[in-house]
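Thanks for taking a look at this one with me. Here are some notes to help you find your way around.

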Amino acid sequence: MVMKLENACLCVEIAEKGAELTRILNKKTGAEILWNGDPKFWGRHSPILFPNVGKTYGNTMRIKGIQYPTSQHGFARDSEFRCVKAGVEEAEFLLCSNEETKEVYPYDFELYISYRLEGKKIHVDWKVKNPSEETIYFTIGAHPAFMFEKTEETKEDYLLWFPGMQKLICCGLNLENGTGRPEAGYTLELAEEYLQVSEELFAVDTLICDDYQLKEVWLCKKEGRKPYVGIKSEGFYSYGIWSPKNAPFVCLEPWAGRCDDDGFDQEISEKKGINRVEPGEAFEKGYQILVG
């Protein structure tokens, strides 16, 4: 089932599977903003990453002394959510823990994903409730892919804009197993807050910025530096920026936590950037997609 939200500016579609945003249409320009899911490059649009962002070291996570198998980006993106609120301009979806999820993630949880339109802005909010009597731990992230406006455009036609910033401090990445290598970090200098999009930029696979560096990132047209689509996200520990080779889209990904570092084999509670929710409490975080 697909839920449709609409206002004077935007038409948005969300699938119950994964509570995944699958379409953003700019009604003013006719531009399809969100990637169409063509598997030639990437068969998804904007998956929810939970209970782990990226990969874990050895594809396992240690919880209360037990090693549980993990898949890249977790199971939420492939799970069936239930729509619990439906309106013209807003909707909310719910995934609850069950016997299947507990085989790989033993905690009880309620994961709410909500979407709300406001002019040319989409508010995306997450809530993770802990209905159990023990503390739960997780990471959670967004992965929206924004498609170039015209079919003939390439990465060279776009810039990344980081308002107020002069440089990015990036974490190194072990491409063989998808884990972080902070000791191999590097710095990207910005030119008046801008960075040219190119195939070479993503030779490292994903740009990963930790320590709450990024609060607002835009994909802009190079000609005239016209803002095309952006994300505003406050209080996110990590951020990923990714695009496959020759793909006509760029992913802007605010993450509350990220992949494991190389060699991490401790309890999940000891992981850098981990989120924790005490019994009976809830974790809440949100970001906004801004259409230029």
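The points below go through strands, salt bridges and surface charge in turn.

1. A word before we start: this is a predicted model. Please keep that in mind as you read each point.

2. Let's begin at the start of the chain, with strand β1, which covers residues 2-6. One of its faces, formed by M3 and L5, is covered, while V2, K4 and E6 make up the uncovered face. In a regular strand, side chains alternate between the two faces of the sheet.

3. What does β1 pair with? Its partner is strand β2 (residues 10-15); the two run antiparallel and are joined by five bridges. If you want one pair to look up, V2 has A15 of β2 as its bridge partner. The connection from β1 to β2 is a hairpin of three residues.

4. Strand β5 (residues 60-63) also has side chains that alternate. M61 and I63 point to one face and are buried; T60 and R62 point to the other face and are not buried. Buried here stands for a relative accessible area under 20%.

5. Next to look at is the partner of β5, strand β6 (residues 66-69), which pairs with β5 in the antiparallel sense over four bridges. Within this pairing, M61 is bridged to Y68 of β6. The hairpin of β5 and β6 has two residues between the strands, and in this hairpin K64 takes a positive phi near 55 degrees. That residue is worth a click when you trace the backbone.

6. How many salt bridges does the structure hold? The count is 18. One of them links R23 with E32, where the closest N and O atoms are 2.7 Å apart. R23 has a relative accessible area of 24%, so it is partly exposed. E32 is also classed as partly exposed, because its relative accessibility is 28%.

7. Another salt bridge brings together the side chains of E278 and R276, at 2.7 Å from N to O. E278 counts as partly exposed because its relative accessibility is 27%.

8. Are D261 and R258 buried or exposed? Both are buried, and their side chains meet in a salt bridge of 2.9 Å, N to O. Both residues also belong to a network: salt bridges with shared partners join D210, R258, D261 and K272.

9. Now for the surface. A patch of negative charge gathers E152, E156, D157, E200 and E223. To place one of its members, E156 sits in the loop between β13 (145-147) and β14 (158-161). Its relative accessibility is 38%, so E156 counts as partly exposed.

10. There is a patch of positive charge on the surface too, made up of K28, K120, K150 and K226. You will find K120 in the loop between β9 (110-118) and β10 (121-129). K120 is partly exposed, because its relative accessibility is 33%.

11. Finally, a look at E183, which lies in strand β16 (residues 179-189). Why is E183 classed as exposed? Its relative accessible area is 59%, and exposed residues are those over 50%. E183 and C171 are twelve residues apart in sequence, and their C-alpha atoms are 7.8 Å apart in space.

Note on methods:
Residues numbered from 1 in each chain as written. Predicted model: local features only at pLDDT ≥ 70, side-chain atom pairs only at ≥ 80, totals over all residues. Heavy atoms only, no water. Patch = residues over 30% accessible without salt bridge, like charges linked within 9 Å, V, L, I, M, F, W, Y side chains within 5 Å. Areas by Shrake-Rupley, 256 points an atom, 1.4 Å probe, with all protein chains shown as cover. Salt bridge = Lys/Arg side-chain N within 4 Å of Asp/Glu carboxyl O. Lys, Arg positive; Asp, Glu negative; His and termini not counted. Charge placed at Lys NZ, Arg CZ, Asp CG, Glu CD. Buried < 20%, exposed > 50% of the residue type's maximum accessible area, 1.4 Å probe, protein only. Pairing = 2+ DSSP bridges.
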